[in-house]
Each structure stands twice: as C-alpha cells, then as structure tokens.
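Reader: I should be grateful for a close look at a single part of this model, namely the lining of the largest cavity. Please give the cut-offs behind each term.

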Amino acid sequence: MDKGVLATALGSPAPFGQSQFAFMRGNAFEAKVKADGGAELLRLLYERLGGGAEAPAGDAATPDLSAAGPEGRAARTALALREATAAGGWALLDHPMLALEVAGSPAYLEPDAVVVHPDGRWTVVEIKSFPMIDASADPSKVGAAARQAAVYVLALERVAAVTEGAEVGHRVLLVCPKDFSNLPTASVVDVRKQRAVTRRQLTRLTRVEDIAAALPEGTTFDPACPPEELDAAVAAVPPAYAPECLAACELAFHCRARSRAEGAVETLGRSVRGELGGLTTVAGVLAAAAGKEGDPADPTVAALRRAAALRAEALESAEALRAGTPGSAAVRHAGAGAPEGAAACR
C-alpha cells in the first residue's frame, strides 16, 4: 500500500515533495559524474580510496544489470559482483539492485553506484547535488547520506558473505558539486557507526506477520473504505512519530496529529523524549514541573521543578522591570553594578 495514497484518503496528505528543478539538477549532475563509462567517478575514487592498486584505465568493466523485476535485478547484481571480483579488475556497477531483509520481508535498494576494486573490495558511491564548499558540506546532509549508505553496506555484506575474496568497505565515497560549480568533487565518509546503529535497529523491528496477527480480524487499509473505517484501521497500529518523520514519510502528518491529540512527548523530538525518562505525556511533564505529580527523588522530576522555579523567577523579574519596581534579587543585583547616573537615565 502506498502511504501517500493512504494519507490522502485519511485527509492528511503530505504537502511536500521534491521540486522538479531539484530532481532534474540532481539527475544532470549524476549523468555528468558517470559520463564516459564513469571515468571521472573512478578517478575521484582512486584518488581517495585507490590503495596500492593501479589506476583504473578506460577498460573498467561496466556490466549490464538489466533484468525483470527487482528480484531479478538483485540476482543479476549479485552475479555481476561475483564475476567482477573473480576477474580481479576495476568494475563500476551503475544503479545496482540490492536486497535486505527488513522485519522478515525483502526490501530492495538501489545505490547510485558500487565500485569493485582489483583486490576484491566493494565501495558504495553516493552522488548528491548539495555543494561541498571548501572541501566540506552541510553536516546534516552528510549525516543523512551516511545513514543511507550504511544501509547499502549492510545489503552488500550479505552478498559478500557468499562471494570468495570479497570485502565491503566501511568507507563510502560521497560525490558532490565543488563549491558553486557543477564540477564534481568527493570526500570519504566512514559509516561504521551508522552501520552498527542500523543493524541494531533492524534486529528490533517487529515482523510484518506479527503486526498483522495483532490487528483485529478483517482489518483492511483499502483507501476505498469509508473514512471512519479506514481511520479505525490505521489507529489499530500504534504510531511511532518523531519530527524527523516529516521529511521522509507521507503518513507523518496523520501520525503527528494523533500524537499531539494524545499529548505524547515524542512530538517534541527523540532527544527530548530521551531526557524525560518515564514521563510520556506533555500533561505529565507539566504536572511534574508544577509539583502536582512525580517523585521528587526522580532526577528528571527534580530538574523539571528546578527549571520551573527559574522560569517563574525570570517572569517575576521581567514583570517587575515592566512595572518600574525592581524588587527581585536579580534586578537589584543588576542595578548594583550599573554606572553612576544610570538610575537617573532609567
């Protein structure tokens, strides 16, 4: 089921999407990087990750990966990787298809490119259209690219495990426009941390079969269903909303509305959720800060009450300043250090 169609049927369509200009610009840059059999891409990779091998010449292999359906393309990609590794030369796989098991179901992934080194090492290549200015790019965008590449590395490791002499590199090549031009440049990104985090997350995912078994009998997510029936079906699956979902999931606005209605602290962000410990609702947090609920010995509750006291003191000081009667200790302290004659100016 397409989540965008489901979100529209629920009345919460995602009001975003990649602009056609950005899409065309990204495609044009990728085509430039891969022109002439990927000569420029291979040159950049050799400069950063060439090791002791000879520089790739114009005879680098570029196998045909076409096949019927994603499953066929994944099988053809695995065969091409094994053949390129056995050949012992440079090979460039353009948009290979990889398979990775996610919660018991196969997910098909398509990296921009994978390069096979003469020593049997496989390197993931990510081509992005955001600029690399003075050899550095936006950290948040680089982080997102690293997380994406880490998934590709995990998928490649499944193929490498059954390929003699193969090894998946934990450093990926990120290719971006240089400064404000359309000329490609590259940097190496180590994705070991992102790979480990992703592997842990994948092991914790609930299998689709288990989710389906927990649903009421007859549950359907058919967009043609009446809105109230469809809403009830979606409500049977607990949301796991976080603000980051807005950038990637078409159902994010629907889940955000539900989370806000329930007062879930996840709407404030995963980092805030982690700081609040056992407090799971905004109402509970406010009650703990006001001293109405919560164990005073709990460090989280104590920190909230301290923050509430500081806020009350700051508001009292601000109100005293507006009234022209600086009575709080903070205001008196500020006035004590003022230059002579400042009182007259006030």
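Author: In this predicted model, helix α5 (139-160) and strand β7 (171-177) each supply at least two residues of the lining of the largest cavity. Here helices (H or I, at least four residues) and strands (E, at least two) are DSSP runs numbered from the N terminus. The greatest contribution is that of α5, which gives three residues: Val142, Ala145 and Ala146. From β7 come Val172 and Leu174, and the lining also includes Glu126 and Val189. A lining residue has an atom within 4 Å of a cavity point, that is, a point of a 1 Å grid over the protein atoms alone where a 1.4 Å probe fits but cannot get out.

As to chemical class, the lining has six nonpolar residues and one charged residue, with no polar residue. Glu126 is the charged member, while the Val, Ala and Leu residues of the lining count as nonpolar. Thus α5 brings Val142, Ala145 and Ala146 to the nonpolar part of the lining, and β7 brings Val172 and Leu174 to that part.

The space in the largest cavity is about 30 Å³, taken as that filled by probe spheres set on the points, which are joined across faces, edges and corners. The structure holds one cavity of 30 Å³ or more.

Residues are numbered from 1 along each chain as its sequence is written, and side-chain values use heavy atoms, without hydrogens and water. Local features need pLDDT of at least 70 and side-chain atom pairs 80 or more, whereas totals for chains, interfaces and linings use all residues.

Terms used: On a 1 Å grid over the protein atoms alone, a cavity is a set of points where a 1.4 Å probe fits but cannot get out, and a pocket is an open set with protein on both sides within 12 Å along at least five of seven lines; lining residues have an atom within 4 Å of a point.
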